[in-house]
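Thank you all for coming; I would like to take a few minutes to walk through one model with you. Please have a look at it first, and then I will go through it from the overall fold to the charged pairs.

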Amino acid sequence: MIELKNPFIRAYQVDDYDDNNYIVYIKEDDETYKAYLQNKNYGIISLMFGLPNKYLTLDDFITIVNKNIESEIKVYQKLHEDKEG
């Protein structure tokens, strides 16, 4: 195996939601920004969505992620987290 280092991935703690258990990873490449969501207590990182970076900045993309984070967490919980926990 070869380690792939990517300086274009940023990690952000989701504040004020479920004891801060969620992390958003934002990956940037030549054409897109993509946001991924993970609960620190689970081993699953799930793609939230991606957008072309041609017409928006990273700050614009982060604003869009923040506006959608609550609904994206609910989807993550439904798909990946224990029903009882």
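I will begin with the chain as a whole and then turn to its salt bridges.

Please keep in mind throughout that this is a predicted model. The protein chain has 4 strands and 1 helix, and if you follow the sequence from its start, these elements come in the order β-β-β-β-α. Of the 85 residues in the protein chain, 32% are buried, while the accessible surface comes to about 6,300 Å², with carbon and sulfur atoms contributing 50% of that area. Looking at the contacts with a separation of 6 or more, we find that 33% of them join residues 24 or more positions apart.

Now to the charged side chains: how many salt bridges does the structure hold? There are 2 salt bridges, and I will take them in turn.

In one of them, the side chains of R10 and E28 meet, with 3.2 Å from N to O. This pair links distant parts of the chain, since R10 sits in strand β1, residues 9–13, and E28 in strand β2, residues 22–28, which places the partners 18 residues apart. R10 itself is partly exposed, with a relative accessible area of 29%.

The other joins E70 and K74, whose closest N and O atoms are 3.6 Å apart. Here both residues belong to helix α1, residues 58–80, and they are 4 residues apart, about one turn of the helix. Both partners are also partly exposed, E70 at 44% relative accessibility and K74 at 47%.

Technical notes:
Residues numbered from 1 in each chain as written. Predicted model: local features only at pLDDT ≥ 70, side-chain atom pairs only at ≥ 80, totals over all residues. Heavy atoms only, no water. Helix = DSSP H or I, 4+ residues; strand = E, 2+ residues; numbered from the N terminus. Buried < 20%, exposed > 50% of the residue type's maximum accessible area, 1.4 Å probe, protein only. Contact = heavy atoms within 4.5 Å. Areas by Shrake-Rupley, 256 points an atom, 1.4 Å probe, with all protein chains shown as cover. Salt bridge = Lys/Arg side-chain N within 4 Å of Asp/Glu carboxyl O.
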